[in-house]
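This report describes one helix and the nonpolar packing around it. The sequence and structure are shown first.

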Amino acid sequence: MPNNDHISKQFDTELESIRASVLQMGGLVESQIKNAIESLISGEVALMNRVIAEDHRVNAMEVKIDEACSQMIARRQPTAGDLRLIMTVVKTITDLERIGDEAEKIARMAKRLSQKDVLLFPRYHEIKNASEIAV
C-alpha cells in the first residue's frame, strides 16, 4: 500500500489548511444561497442585505485561497496528485465565487421586488424547491 505522507509535514499542514478554507468557503456560499432564496420568499430586507454584504467575504476568501495555492505551487513544486489537487482547488473556488455572485444577484432582485407595492410572483414555492435541489 503506498504511503501518502509527505516528507515535509509542513506541506501536509498547508494542504490541510487549504482544504479547510475551501470547506469554509463552500459553507458560506451554501448559506448565501439559502438566505437569498429565503429572503426572496419572506421579503426580509435585513436578510437580503446580509447576503449582499457576505459577497465581499466570499470574494476575499477566493483571493486568499488562490494566493495560498499559488504560493504552494511556487515554493513546494508539487507533482502528480498533489498538483492536481491544488489545481482542482483553484477551479473549485472560482466556481464557488461565481455561485456567491449569483446569490448576491438573487438578494438584490429580491430587494427590488420587495420595494414594489404589489408582488405578482406566484411561483415562489417552485423557486424554493429548485433551490433546495441545487444546494
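Helices are DSSP runs of H or I with at least four residues, numbered from the N terminus. The model is predicted, so local features need pLDDT of at least 70 and side-chain atom pairs count only at pLDDT 80 or more, whereas totals for chains, interfaces and linings use all residues. Residues are numbered from 1 along each chain as its sequence is written, and side-chain values use heavy atoms, with hydrogens and water left out.

## Helix H2

Helix H2 comprises 32 residues, 45-76. Its first and last C-alpha atoms are 47 Å apart, close to the 46 Å expected at 1.5 Å a residue (1.5 Å times one less than the number of residues). Just after H2, Gln 77 adopts a positive phi of about 45 degrees.

Buried residues of H2 (under 20% relative accessible area, 1.4 Å probe, protein chains only) include Leu 47, Val 58, Ile 65 and Met 72. Their cover includes helices H1 (9-42) and H3 (80-114).

## Glu 54

Glu 54 lies in H2 and is buried without a salt bridge (a side-chain nitrogen of Lys or Arg within 4 Å of a carboxyl oxygen of Asp or Glu). The nearest side chain of opposite charge, Arg 50, is 4.1 Å away; Lys and Arg count as positive, Asp and Glu as negative, and His and the chain ends are not counted. Leaving aside neighbours within four places in sequence, Glu 54 is in contact (heavy atoms within 4.5 Å) with Leu 28 and Gln 32.

## Nonpolar core

The largest nonpolar core (buried Ala, Val, Leu, Ile, Met, Phe, Trp, Tyr and Cys residues joined through side-chain atoms within 4.5 Å) has 17 residues. Ile 18, Val 22, Met 25, Ile 65, Cys 69 and Val 89 touch the most other members. H1, H2 and H3 each supply at least two residues of this core.

Technical notes: Buried < 20%, exposed > 50% of the residue type's maximum accessible area, 1.4 Å probe, protein only.
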